Amino acid sequence: MTPFPDEFVSDRLRYERLCHDAVDVFALHEVYSPDEETEDITTYMPWDPRQTVVETAEFVDWCEAGREAGEHAPYLVRPREGEDGAGEIAGVTRLECDWERRTAMLELWLRKRFWGRGYSGERAGALIEIAFEHLDLELVSVNHQDGNDLSKRAIEKYVDRFGGQYDGLLRNWGPRPAEGRVVDAHRYTITREQYRKAIDDSSIDRGP
């Protein structure tokens with residue numbers, strides 16, 4: 001039985017298990033298919049826009065298989081009622097687990113119209129709570145590609161809020177076969193102890 005919740009919410013967002021039962025593959029393909037916006041989003045991502053509906057369907061298959069194996073939990077991110085774009089697919093987030101190392105890694109991409117709302121930090125807080133309080137993991141890590149200043153600012157903000165730290169530069173960390181290169185990445189981590197100390201501090205909240 002998978003250890004991951006099927007659905008959960010934060011203040012402004014709802015998270016749904018990314019599977020064929022939760023989303024129409026044609027609707028998902030619209031936000032993954034090549035266009036100017038998606039090209040901008042994937043500049044610093046380890047994946048390229050999906051060229052066909054079949055590719056998108058295969059991605060959903062991969063999400064389902066990894067979740068059932070207990071390796072990772074991908075979720076659709078949707079704004080809740082009262083938010084601009086309520087119910088739409090705002091993006092996808094993923095909690096990847098390395099059980100031997102007692103570590104979870106966070107990933108996120110958002111459509112451009114949902115940038116600048118603090119959703120990254122809000123979503124991070126929700127996933128970090130699951131990693132530490134429900135999955136009993138000991139460390140959460142998050143990386144961003146060197147040069148991705150938007151992700152850098154968002155990550156630094158919530159890592160600092162939850163008492164974490166910058167670990168350093170990972171050289172030749174992310175292969176980009178389609179581009180014929182390997183990119184460097186910056187790594188940040190939060191321990192369970194740091195997280196619990198931060199949220200026990202009355203001056204710290206879990207909001208965006």
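Start by selecting β4 and β5 in this predicted model. Four residues sit between the strands of their hairpin, and there you'll find Arg102, which takes a positive phi near 55 degrees. Now follow the two strands themselves: β4 and β5 pair in the antiparallel sense, over eight bridges. Click on Leu95 and look across to β5, where its bridge partner is Leu106.

Keep β5 on screen and add β6. These two strands pair in the parallel sense, with four bridges. To see one partnership, pick Met105 and then Ser141 in β6, its bridge partner.

Next stop, the inside. Leu95 and Leu106 show up again here: along with Ile128 and Tyr158, they touch the most other members of the largest nonpolar core, which has 33 residues. Colour the elements that give two or more residues to this core: β2 (13-17), β3 (72-79), β4 (91-98), β5 (103-110), α4 (119-134), β6 (139-145), α5 (149-161) and β8 (181-191). Which element gives the most? That's α4, with eight residues.

Zoom in on Tyr158. Leaving out residues up to four places away in sequence, Tyr158 touches Leu106, Ser120, Gly121, Arg123, Ala124 and Val142. Then select Leu18, Phe59, Leu76 and Ile89, which are among the 13 residues of another core, lying apart from the one you just visited.

Last, show helices α1 (residues 25-32) and α3 (residues 53-68). Their axes come within 9 Å and cross at roughly 105 degrees, so α1 is roughly perpendicular to α3. For the contact, select Val25, Phe26, Leu28, His29 and Tyr32 on α1, plus Val53, Thr56, Ala57, Phe59 and Val60 on α3. Eight of these contact residues are nonpolar, two are polar and none is charged.

Notes
Residues numbered from 1 in each chain as written. Predicted model: local features only at pLDDT ≥ 70, side-chain atom pairs only at ≥ 80, totals over all residues. Heavy atoms only, no water. Core = buried A, V, L, I, M, F, W, Y, C linked by side-chain atoms within 4.5 Å. Buried < 20%, exposed > 50% of the residue type's maximum accessible area, 1.4 Å probe, protein only. Contact = heavy atoms within 4.5 Å. Axes fitted to C-alpha atoms, helices over the stretch in contact; angles between N-to-C directions. Parallel < 35°, antiparallel > 145°, perpendicular 65-115°, else oblique. Nonpolar A, V, L, I, M, F, W, Y, C, P; charged D, E, K, R; others polar. Pairing = 2+ DSSP bridges.
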